[in-house]
Amino acid sequence: MGSGRKYMSCCGKDICSGCCYADVYDNLGNIIADEKCPFCRTPLPTTDKEIIKRMKKRMEVGDTYAFGMMGNNYDLGQKGLPQDYAKAVEFWHKAGKFGYANLGTAYYNGEGVERDKKMARYYLELTAIEGDVYARHNLGATEKNAGNFDRALKHYMIAVSGGYTDSVKAIQRMFMDGHVAK
């Protein structure tokens, strides 16, 4: 899940960080002191246990993003959950497109699943198709490591056009090493 946004476990909305931290005003323009979700006006959870409870409710109604977030929490051992790669992978599979990038990383590193570079590449490609610039950059790195410099350059260029500046550095390194021309 990218930076600059936050998943609201109450209603399942994914909102920008500015919106979720902005003051909420009533009809008269007065600031409301209680922090509430900008969409559903539910009070924000105050404990990790409450966040997990709300995510489970979202998963019961088939919220695929909630499955992805739950997988992330198991992967990192956050929100009071134990670090469990196998459970993380299970949730990411249920998350569909929201878990593709994480599945690619899991297969690449062999975390919770057997290490499989073909499956890692498959999920990275699915994520890149969805427009994830980090996955596109990682595909570029995979191609570069395999010696496919032209393909690596294409992936890096797409990632750069999406705003991922680390790809610029990778292109510069490839140029300095003589693998690509201007």
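Q: Does Tyr-123 count as buried or exposed?
A: Accessibility is graded by cut-offs: buried is under 20% relative accessible area, exposed is over 50%, and partly exposed is in between, with a 1.4 Å probe and protein chains only. Tyr-123 has 9% relative accessibility, so Tyr-123 counts as buried. Over the whole protein of 182 residues, 34% count as buried.

Q: What kind of model is this?
A: This is a predicted model, in which local features need pLDDT of at least 70 and side-chain atom pairs count only at pLDDT 80 or more, while totals for chains, interfaces and linings use all residues. Residues are numbered from 1 along each chain as its sequence is written, and side-chain values use heavy atoms, with hydrogens and water left out.

Q: How many helices and strands are there in the protein?
A: Elements are DSSP runs numbered from the N terminus: helices are H or I with at least four residues, strands are E with at least two. The protein has nine helices and two strands. Their order from the N terminus is β-β-α-α-α-α-α-α-α-α-α. Along the principal axes, the C-alpha trace spans about 60 × 40 × 25 Å.

Q: How many aromatic pairs are there?
A: Rings of Phe, Tyr and Trp (its six-membered ring) pair if their centres lie within 6.5 Å; planes under 30 degrees apart are stacked, over 60 edge-to-face, and the rest tilted. The count here is seven aromatic pairs. In one of them, Tyr-100 and Tyr-123 have ring centres 5.8 Å apart and planes at 40°, so this pair is tilted. Tyr-100 belongs to helix H5 and Tyr-123 to helix H6, so the contact ties together parts that are 23 residues apart in sequence. Tyr-123 also pairs with Tyr-122: centres 5.0 Å apart, planes at 70°, so edge-to-face. Tyr-122 has 42% relative accessibility and is therefore partly exposed.

Q: Which residues do ring pairs link into a cluster?
A: The members are Tyr-100, Tyr-107, Tyr-122 and Tyr-123.

Q: Which residue lies over the face of Tyr-108?
A: A charge sits over a ring if NZ of Lys or CZ of Arg is within 6 Å of the ring centre and within 35 degrees of the ring normal. Arg-115 takes this place over Tyr-108, 5.2 Å from the ring centre.

Q: Which residues line the second largest pocket?
A: On a 1 Å grid over the protein atoms alone, a pocket is an open set of points where a 1.4 Å probe fits, with protein on both sides within 12 Å along at least five of seven lines; lining residues have an atom within 4 Å of a point. Tyr-108 is on the list, together with Gly-104, Thr-105, Asn-109, Lys-117, Ala-120, Arg-121, Leu-124, Asn-138, Ala-141, Thr-142 and Asn-145. Helix H5 (100-109), helix H6 (117-129) and helix H7 (133-145) each give at least two residues to this lining. The pocket holds about 280 Å³ of space, where the volume is that filled by probe spheres set on the points.

Q: How many residues in the lining of the second largest pocket are nonpolar, polar and charged?
A: Ala, Val, Leu, Ile, Met, Phe, Trp, Tyr, Cys and Pro are nonpolar; Asp, Glu, Lys and Arg are charged; the others, Gly among them, are polar. The split is four nonpolar, six polar and two charged.

Q: How many disulfides does the structure hold?
A: A disulfide is a pair of cysteine sulfur atoms within 2.5 Å. The structure has zero. Cys-10 is in none, and its nearest cysteine sulfur, in Cys-40, is 3.5 Å away. Cys-37 lies with its sulfur 3.6 Å from that of Cys-10, its closest, which is too far for a bond. Cys-37 is buried, because its relative accessibility is 0%.

Q: Where does Cys-11 lie?
A: Cys-11 is in the loop between strand E1 (5-7) and strand E2 (14-16). Its 18% relative accessibility makes Cys-11 buried. The C-alpha atoms of Cys-11 and Thr-42 are 8.4 Å apart, with their positions 31 residues apart along the chain.

Q: What is the phi of Lys-79?
A: Most residues other than glycine have a negative phi. Lys-79 has a positive value, near 55°. Lys-79 sits in the loop between helix H3 (64-76) and helix H4 (85-95). At 31% relative accessibility, Lys-79 is partly exposed.

Q: Does Lys-57 count as buried or exposed?
A: Lys-57 is exposed, because its relative accessibility is 52%. Lys-57 is part of helix H2 (residues 48-60). Its C-alpha atom is 42 Å from that of Ala-152, 95 residues away along the chain.
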